[in-house]
Amino acid sequence: MTDREIIKITDLRRNFRVGDETVHALRGLSFTIHEGEFVTIMGTSGSGKSTLLNILGCLDIPTSGDYLLDGISVQKMSKPQRATIRNRKIGFVFQNYNLLPKTTSIENVELPLLYNATYNARQRKERAIRALEAVGLHDRLYHRSNQMSGGQQQRVAIARALVNDPVIILADEATGNLDTRTSFSILTLFQELHARGRTIIFVTHNPELADYSSRNIVLRDGKIISDTINESPASAREVYESLPKEED
Amino acid sequence: MRFSNLIKIALRALNNNKLRCFLTMLGIIIGVGSVITMLAIGQGSKNSIKAQISEMGSNMIMIHPGTGQRGGVRQSSDDMQTLKEEDYTTIHDNAKYVTAISPQVSSSGQFIYGNNNYPSQLQGVSPDYLEIRQLKIAEGSMFTDHDVTTAAKVCVLGQTVVDNLFPNGEDPVGKVVRFNKIPLTVIGVLQEKGTNSMGQDQDDVALAPYTTVMKRVLAIDYIQGLFASAIDENLSEEASAEITALLRTNHKLKDGADDDFNIRTQQELSEMMSSTSEMMTVLLGCVAGISLLVGGIGIMNIMYVSVTERTREIGLRMAIGAKGRDILAQFLIESVIISITGGVIGVLLGCLAAWMVNLFAHWPVQVQLSAILLSFTVCTVTGVFFGWYPAQKAANLNPIDALRYE
Ligand SMILES: Nc1ncnc2c1ncn2[C@@H]1O[C@H](COP(=O)(O)OP(=O)(O)OP(=O)(O)O)[C@@H](O)[C@H]1O
Ligand SMILES: [Mg+2]
């Protein structure tokens, strides 16, 4: 963790209009996340976690409040600038994967790099394979989305978020569909990325996972109800290695 | 953003949606193809009518027994016997605006030579007939005025009749053929004219002196019609007025009485035919326009639906860093590929269909460049526009709204 403020939000609000009603999904959130933090965000269903993460990922714009990403106001950026930020700096894992249908894992993972002119075809492929290996899918490179299990699709989505070597990784329920052993292998991966200086924001329902992050924020009804620092996160790798390998 | 990447993205997307891609193309193919075929048929018939008119000679005048009323009963012109040989000689000797004139009597019957027989028509005419109908003699000679005076038993055959009566390639000139039991010496063969633009065989004829046909074949004392040529096509009006005057005097018709004959100039006929063909072209043009419209709507529909369907895909692409213009470029490339490919296939199929119509239905066709350009442009522009327009709407959404789109 460094002193560089990578995310700074102040009084962030997001309202949705549904018919005549206004849904207050976020009711004034403020926090700062420094470079190199591993933050878990928890809260009941509907508490606004995905809404917050979408805003942090520059996919959505807050109704009011400020969002400074790496010192730059996201609201003041142009659309193409935000697109470039998403492409170069952010890795986003969606709650519902959002893979391209009928497309192979490798093509799905390559996709962010196709929108980045600095990579050539060979580099794209190399990086996509490396990202897929990192999530343990080296034997599923040419499987199409509909030929894989939910957990495998989730891992493809994670590989896609890692492929552009992002500064921040935003994961919405990235382990929600995985068995314990695979979840811990993913968590190990995130811890390793964290150890190498990546900032990670990890939304989860599972309260146990708070032990493995360096900071835990809990939301309820669009407000922060607790924000705690974990001085000594547990090692996911140890748990992972202690879990019995399944015979297959 | 590299252009090659955009091409790759577009090709992958097309490859993943082959069926949709094919359906869109189908709309374009059918739209373009049907317009080309339809207009090719229209233009073909127009051309053939034009050709037919010039084939027949545009200064030709036809005179037939009239449909004037006799005692309140309208008679069919075949039964009328108002035209006589004297009418022919009167016009022949007196008309200033007429360069050539021939009576016409015809009899259908069986030609026999040796073991071969062939049913055809024997036309009784005068030597002028060749000039009027623009016929030429290929072998032998035409009968003469002397043959007419003596009602000589001679004939000139068309090539089809020759082919059927002399299948072994013998020289027909000098041979004696029988027509309805009457022996006729073949003195000439007409030059081959082929089928006319209506598909009629113009070589399926035989000519004999009209006197021979009247006296020896039909045993009648009237003639069935007269063919004449005006000295100039612009003078056909004058020629027909002159003929009318001569015939009325000959027939002793009182002022105010109806003509008992009927004169038609090629001019009128050609006007009639071209107005018919004009109508047909307009009709086919309408059908083509409607199919173009329907094709266009089909293209719009599929393009629009498919892009709308793909809003989530657009959302995802934007979420991982595609800019609005990357999305637009992708969809533009996709729709250009689909539209151009479909358009090209449509042009090929349209030409093929026109060719098949010609081959199997024997309709004259002419594929027009303007039809190709028009239909191709309309369909590709529609295709590209309706691929681009909804894509540009989707690209303007917030990524998350596009992702949530249902
Ligand atoms: N596009 C939208 N339009 C209207 N309301 C919305 C929209 N998106 C979210 N909401 C509302 O905002 C609230 C927060 O939703 P959000 O998806 O952030 O919850 P969450 O914490 O991610 O829940 P879960 O754990 O189930 O994923 C919900 O009440 C939801 O109904
Ligand atoms: Mg959520």
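1. Rings of Phe, Tyr and Trp, with Trp represented by its six-membered ring, pair if their centres lie within 6.5 Å. By this rule, twelve aromatic pairs are counted over all chains. The model is a predicted one.

2. One of these pairs joins B:Phe385 and B:Tyr389. The ring centres are 5.6 Å apart and the planes differ by 15°. Planes under 30 degrees apart count as stacked, so this pair is stacked. Both residues sit in helix α12 (residues 369-395) of chain B. They are four residues apart there, which means a separation of about one helical turn.

3. Now the sheet in chain A. Four strands make an open sheet, in the order β2-β1-β4-β5. The pairing is antiparallel. Its edge strands are β2 (21-34) and β5 (72-73) of chain A, and each pairs on one side only.

4. Strand β1 (residues 5-18) of chain A pairs with β2(A) over eleven bridges, in the antiparallel sense. One position to check on screen is A:Glu5, whose bridge partner in β2(A) is A:His34.

5. A helix lies across this part of chain A. Helix α1 (residues 49-56) of chain A crosses β1, β2 and β4 (64-69) of chain A. Relative to β1(A), helix α1 runs at about 125°.

6. Next, a helix pair in chain A. Helix α3 (residues 105-114) and helix α4 (residues 121-134) of chain A pack at about 120°, with axes 9 Å apart. That angle makes α3(A) oblique to α4(A). The crossing of α3(A) past α4(A) is right-handed. From α3(A), the contact uses A:Ser105, A:Ile106, A:Val109, A:Glu110, A:Leu113 and A:Leu114. From α4(A) come A:Arg124, A:Lys125, A:Arg127, A:Ala128, A:Ile129, A:Ala131 and A:Leu132. By type, the contact of α3(A) with α4(A) has eight nonpolar residues, one polar and four charged.

7. Chain B offers another helix pair. The axes of helix α10 (residues 311-319) and helix α11 (residues 324-361) of chain B come within 10 Å. They cross at roughly 135°. Again the label follows from the angle: α10(B) is oblique to α11(B). α10(B) passes α11(B) in a right-handed crossing.

8. Which residues make the contact between α10(B) and α11(B)? On α10(B) they are B:Glu313, B:Ile314, B:Arg317 and B:Met318. On α11(B) they are B:Ile327, B:Gln330 and B:Phe331. The contact of α10(B) with α11(B) divides into four nonpolar residues, one polar and two charged.

Technical notes. Residues numbered from 1 in each chain as written. Chains lettered and ligands numbered in written order. Predicted model: local features only at pLDDT ≥ 70, side-chain atom pairs only at ≥ 80, totals over all residues. Heavy atoms only, no water. Axes fitted to C-alpha atoms, helices over the stretch in contact; angles between N-to-C directions. Helix = DSSP H or I, 4+ residues; strand = E, 2+ residues; numbered from the N terminus. Parallel < 35°, antiparallel > 145°, perpendicular 65-115°, else oblique. Left-handed = near helix turned anticlockwise from the far one by under 90°. Contact = heavy atoms within 4.5 Å. Nonpolar A, V, L, I, M, F, W, Y, C, P; charged D, E, K, R; others polar. Pairing = 2+ DSSP bridges. Phe/Tyr/Trp six-rings, centres within 6.5 Å; stacked < 30°, edge-to-face > 60°.
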